[in-house]
Amino acid sequence: MFGKRSGGNAALKSANPAPVASEGEVAPASEPISASVSAPAPVPAAPTPQDTQPTPPPRSGEVSDAYYETKATIFNALFETIDVSALAGMQPDAAREEIRTIVDEIIAIRNVRLSVVEQKQLIGEICDDILGYGPLEPLLMRDEIADIMVNGYKNVFIEVNGKMEKTNVRFRDNQQLMNICQRIVSQVGRRVDESSPICDARLLDGSRVNVIAPPLAIDGPTLTIRKFRKDKLTMADLVGFDSISPAGAKVLQIIGACQCNIVISGGTGSGKTTLLNCLTAFIDPDERIITCEDAAELQLQQPHVVRLETRPPNLEGKGKITMSDLVKNCLRMRPERIIVGEVRGPEAFDLLQAMNTGHDGSMGTLHANSPREGLARLESMITMGGFSLPTRTIREMIVGSVDIVVQATRLRDGSRKITHITEVLGMEGDVIVTQDLLVYEMDGEDADGKIIGTHRSTGIARPAFWERARYFNLEKELAEALDAAGED
C-alpha cells in the first residue's frame, strides 16, 4: 500500500521492544516531514493474548495514563511502518486516510481492545500529532475559543465568552508539548530552546503565539495562543455583540474613513486588535498601507498592503530588527497609512513622527486603562526610549499627532465594550486637553450577572475633526450619527 515501508507487516510483529520517535516530534506539515525523522529503531513487541491489555480511555472526564501508554505504543509502531517521505508528498486528507488505514491494522494485529468511538478518537489524535498541532487541534477548530493557555503538559485552559475554563485536554509529557511549541515557532523562522526560552510567533491563520520554556518556566513549557476567528469580525458584528451602539459604530466608520490618526487603548484581552481590524475596513482601497508587528496578526482586506514583522537576534546575538527599525523604514516606502500592531517602546516616537509628517490615518494600539492613561503612556514610552526632550515638547508632539483615542475594555462579566471615543484637542499650559464624544455608562446588572449599560453621546455636536470630515464630504453623516448617539 502506498505510504508504507517495505516489509511493514514484519515491523508490526517485531519482537524487540524499543521506543522510536517521541510523540509529536515530526516536522510541521508545511515542511517535508522526513526532515526531522531519523532512522527508525525497533518497535515494541506485540503483546500476546495472555498479556494485560492497555486500558482504553475513559468515556468521560480525565483521560487515564494507560490510554497515553497505548497511544504511544501504537504511535511508535506506526512510525516504524509508515513511509514518512511518501506521506509528506500527499494531500492532508489523503495522508490522514493512509494513517487511519495503517493504525487500524496495528490495532488489529496487536489485539488492542477499543470501542469504535475510542478507536476513532485515538486515530484522530495520532493524525493530529503527525500532521497538525497534536492535542491542540480540537481547540484550534473551535471558533468560540478566544485564548488557549497551556501551563505544562497536564493543564490546558481556554477562554470562552470572556471566562476561563479548564479542559480535559493534556499532552503525553512536557517533551511532546515542547515539540509542538518548536513546530509552531519554526514555521515563522523562530526558535525556542534553553538558550532562547522566550518566543513570539504566529499560526498560519494569524493567531498570536507566545512560548516560554524551561528553565524560565519552572513547571514545564508554557504556551499561550490568542486565536483569530476564521470569520473576520466586522463593525456590524461588534454592534451585534453590543460592544458599540449603531450610532457609535457610524462615528467610528467616519473617523476611520476621514484619515484621523487613531490610538486604540485597552487592557490585555480587551479586543484592541479586533477593533483595529474593524477600523481598517473603512480605509479606501486605493491607499497604500504598511503594517508593523511583532507577530503578524492583522487581517487587512485592502489590496495594497505591505506587512512587516520584527525579527529576534540569531544564535550569535546579531540580526535583531526592532519595531522602531521597521517604523523608521516605513517612511522610505511611500506609505499613506502606517499601522503598528502594538506600541510598547521607543517606536512610539517614530509613530508620532509619522503621524505628524503627512501620513494621516495612521493607527496603533497600546495597553492602558483609559484614554488619558493612554496618552500618558505614550509620553512615558518616548521618555524610556532615551529621547531627552522636555515634557512639554513631548506632549505637544502627542497633541499634534493623535486625533482620536478609542478605549476598549473587558468588563467583569467577560463582555468587551468600547467605553470611550475621545478627541485630543490641544494643550492648556502643560496639560493635554481631551473631550469624550461617546462613553459607555453602566446601569447595573441582570439576574445572570451580565452588565447592563448604554453608549451615550456627551452632547458634542461639532467635534474637532469636523473640518476633516467636511473635507471628505462626511460632515452630514457625522452630524446624523452624533444626533442618533444622543438619542440612545
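Is E487 buried or exposed? E487 is exposed, because its relative accessible area is 68% and the cut-off for exposed is over 50%. Keep in mind that this is a predicted model. Beyond that residue, there are two open sheets to look at, one of six strands and one of nine, plus a nonpolar core of 37 residues and another of 31.

**Around E487**

- You'll find E487 in helix α16, which covers residues 475-487.
- A247 is 240 residues away from E487 in sequence, yet their C-alpha atoms are 9.4 Å apart in space.

**The six-strand sheet**

- Reading across this open sheet, the strands come in the order β3-β2-β1-β6-β5-β4, with antiparallel pairing.
- At the edges sit β3 (163-166) and β4 (198-202), and each of them pairs on one side only.
- On average, neighbouring strands here are turned by 15° against each other, ignoring direction.
- Edge strand β3 pairs with β2 (residues 155-160) through four bridges, in the antiparallel sense.
- If you want a residue pair to look for, I158 has E165 in β3 as its bridge partner.

**The nine-strand sheet**

- This one is also open, but the pairing is mixed, and the order runs β9-β8-β10-β11-β7-β12-β13-β14-β15.
- The edge strands are β9 (305-309) and β15 (451-457); each has a single partner strand, so one side of each has no neighbour in the sheet.
- Ignoring direction, neighbouring strands are turned by 25° against each other on average.
- Strands β13 (residues 416-428) and β14 (residues 431-445) run antiparallel and are joined by eight bridges.
- Within that pairing, V424 has T434 in β14 as its bridge partner.
- Helix α12 (residues 347-355) packs on this sheet and touches β7 (262-266), β10 (337-340) and β11 (363-367).
- The direction of helix α12 makes about 160° with that of β10.

**The nonpolar cores**

- The largest nonpolar core has 37 residues, and M235, L252, I255, I262, L275 and F465 have the most contacts inside it.
- Helix α9 (residues 246-257) supplies the largest share of this core, with six residues.
- Take L275 as an example: setting aside neighbours within four places in sequence, L275 is in contact with M235, L238, L252, I264, V406 and I418.
- Another core lies apart from that one; it has 31 residues, including A348, A354, M355 and A368.

Technical notes
Residues numbered from 1 in each chain as written. Predicted model: local features only at pLDDT ≥ 70, side-chain atom pairs only at ≥ 80, totals over all residues. Heavy atoms only, no water. Buried < 20%, exposed > 50% of the residue type's maximum accessible area, 1.4 Å probe, protein only. Pairing = 2+ DSSP bridges. Axes fitted to C-alpha atoms, helices over the stretch in contact; angles between N-to-C directions. Contact = heavy atoms within 4.5 Å. Core = buried A, V, L, I, M, F, W, Y, C linked by side-chain atoms within 4.5 Å.
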